[in-house]
Amino acid sequence: MAIDSYDFQTIDPILNWIGGEYRASSTGNTMDVINPRHGKVMTSVVLSGADDVQAAVDAASAAYPAWKETPLKERAQVMYRLKYLMERDQEKIAWLISHENGKVFNEAMAEVAKGIECTEFGCALPNIPLGETLYVSRGVTCSTIREPLGVCAGVTPFNFPFMVPLWMLPQALVAGNTFILKPSEQVPIGADLLAQLLQEAGLPPGVFNVVHGARDAVEALSDHETIKAMGFVGSTRVAKIVYGRGAQTGRRMLCLGGAKNHLIVVPDADREMTAVDVVRSFTGVAGQRCMAASALMGVQGFDPILETIVEKASQLVPGRDMGPVINKQSYERILGYIKAAEEAGGKVLLDGRNAKVEGAEGGYWIGPTILEVTKDMPAYQDEIFGPVLSVVRTKSLDEALAIENAHVYGNGGSIYTTSGATARYAAQRINAGMTGVNIGVPVPREPFGFGGWEHSKFGSGDITGIDGYHYWTRPRKLTTKWALQPDATWMS
Ligand code: NAD
């Protein structure tokens with residue numbers, strides 16, 4: 001089958017990966033995995049419970065002492081080999097994740113490429129001095145040494161089945177932890193591929209485990225006292241619940257949630273660049289990116305740019321340029337937002353509701369949709385998580401900033417302008433952890449950390465780059481003296 005083919009294909013059922021082997025779940029329950037392009041079952045996945053989580057914790061605990069004692073440089077070699085294997089298999093991985101998630105093949109290739117970039121950071125860790133030493137008093141030295149935590153866990157969403165686990169794994173594993181991943185039950189294939197590749201890369205059994213499932217599995221992980229740190233990426237509603245529940249054990253939790261990313265466009269913005277960026281940002285992965293532009297704040301006089309945005313978005317062809325949304329529930333929710341905006345007096349500047357793709361009629365297709373709304377409407381207030389751009393008109397940049405600042409989320413935000421002074425003014429005031437100037441998707445690249453503010457993140461620190469390494473380690477503060485000092489002070 002051609003690599004970018006939309007033809008339908010089934011694959012073998014997906015099982016848990018525990019202690020270096022496949023296992024069915026103890027619950028005996030499974031769930032259908034639907035290919036969103038066709039709305040048809042492409043495989044099934046096991047749904048795990050507390051016993052499966054316990055089995056994974058046992059395997060990860062057993063593997064921990066030897067992995068912790070393996071030198072950092074040797075642990076990093078696994079990441080070098082993983083990088084090579086991902087490059088070798090990039091097309092195959094992209095094909096599989098484009099079919100489970102629905103994103104177009106090029107987007108899936110980019111997802112793997114970003115996963116490779118995250119892995120490269122893990123490869124680099126032995127080349128970064130990771131501790132500090134200071135001669136602090138007569139004869140006394142203080143050092144910090146970063147040590148692994150033990151068994152760690154990660155829970156990931158549907159929109160990047162391969163990349164989001166790689167936001168956590170390179171740092172967590174190279175640091176010497178063992179890990180249990182609970183991927184989204186809607187897209188279990190990416191995590192399964194990672195388990196296979198890590199085994200081929202030489203990772204010892206039990207160092208990386210995958211427990212598939214839904215809420216029960218996450219609750220069992222959240223409650224397990226042995227797990228020392230958890231990373232979560234998903235919706236704000238669930239991030240908040242998991243953060244609160246996991247923190248009850250006293251462990252560290254870092255839970256990334258949803259978003260409503262604002263792009264502020266002032267009239268002096270470069271028309272072509274702004275339009276291209278805005279369209280790419282709100283339609284990429286069918287708008288199912290936590291960094292997608294979903295609110296466009298147009299400052300008075302921006303209409304020519306809006307016209308170009310509508311024109312460019314109207315040229316996109318679902319099936320060729322855009323994938324479907326993940327499932328029927330999402331499809332209906334998104335259509336509900338468009339209808340509600342229309343009924344409340346909003347204007348539909350571009351309507352993607354009648355999208356159809358020949359040969360994939362059962363898929364959850366929505367074309368690019370642009371709404372002109374007011375700030376009180378749900379289409380502006382809520383994360384829609386589909387290819388819908390909600391445009392709000394403002395009289396001034398300050399009004400746009402005030403509206404953006406009042407929003408509950410704070411993941412990403414950008415200003416579009418050709419004026420350095422305007423850019424600086426806005427970049428200092430946008431209330432988002434990831435801020436851009438003339439960038440539609442202001443994702444920080446490695447080695448910078450990824451993470452938002454406000455209700456887009458619960459917990460402190462960021463998840464990628466060096467922040468990720470700090471998250472999955474703890475500093476031992478070592479104070480040393482080797483001889484009694486004749487001139488000792490109270491500090492010696
Ligand atoms: P989701 O919150 O529904 O699911 C995320 C994970 O939580 C899945 O593994 C799921 O099985 C589990 N889960 C679902 N309900 C649960 C419950 N009640 N208790 C415990 N666990 C539960 O999110 P999703 O629909 O898979 O992903 C889309 C969301 O993720 C969007 O809101 C998007 O903005 C967000 N996201 C955020 C980032 C970020 O970096 N901030 C990145 C990617 C996606």
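In the predicted model, Y22 is partly exposed, with a relative accessible area of 35%. W17, by contrast, counts as buried, because its relative accessibility of 7% falls under the 20% limit set for that class. These two residues form an aromatic pair, with ring centres 4.9 Å apart and an angle of 65° between the planes. The arrangement is edge-to-face, since planes over 60 degrees apart are placed in that class.

A pair of aromatic rings is described by the distance of the centres and the angle of the planes. The same description applies to F158 and F385, whose ring centres lie 5.8 Å apart and whose planes meet at 85°, so this pair is also edge-to-face. The contact links distant parts of the chain, as the two residues are 227 residues apart. F158 belongs to the loop between β7 (151–155) and α5 (165–174), whereas F385 belongs to the loop between α12 (378–381) and β16 (388–394). Both residues count as buried: F158 has a relative accessible area of 12%, and F385 has a relative accessibility of 16%.

Across the whole structure, the search finds six aromatic pairs. A single aromatic cluster is formed by F179, Y471 and W472. One member of this cluster, Y471, also has a charged neighbour, for R252 lies over the face of its ring at 5.9 Å from the centre. In a further arrangement of this kind, the charged end of R429 sits over the ring of Y425, at 3.7 Å from the ring centre.

Attention now turns to empty space in the model. Rolling a probe the size of a water molecule over the atoms shows where empty space is left. The second largest pocket has a volume of about 180 Å³. Its lining consists of K68, L72, R75, L130, G131, T144, I145, R146, P148, A175 and Y469. By class, six of the lining residues are nonpolar, two are polar and three are charged. Two elements, α2 (72–88) and β6 (140–148), each supply at least two residues of this lining. Of the contributing elements, β6 gives the most, with four residues. The lining of the second largest pocket also includes Y469, a residue with a number close in sequence to the cluster members Y471 and W472.

Key: Residues numbered from 1 in each chain as written. Predicted model: local features only at pLDDT ≥ 70, side-chain atom pairs only at ≥ 80, totals over all residues. Heavy atoms only, no water. 1 Å grid on protein atoms, 1.4 Å probe; cavity = no way out; pocket = protein on both sides within 12 Å on 5 of 7 lines; lining within 4 Å. Points joined across faces, edges and corners; volume = space filled by probe spheres on them. Nonpolar A, V, L, I, M, F, W, Y, C, P; charged D, E, K, R; others polar. Phe/Tyr/Trp six-rings, centres within 6.5 Å; stacked < 30°, edge-to-face > 60°. Buried < 20%, exposed > 50% of the residue type's maximum accessible area, 1.4 Å probe, protein only. Lys NZ or Arg CZ within 6 Å of the ring centre and 35° of its normal.
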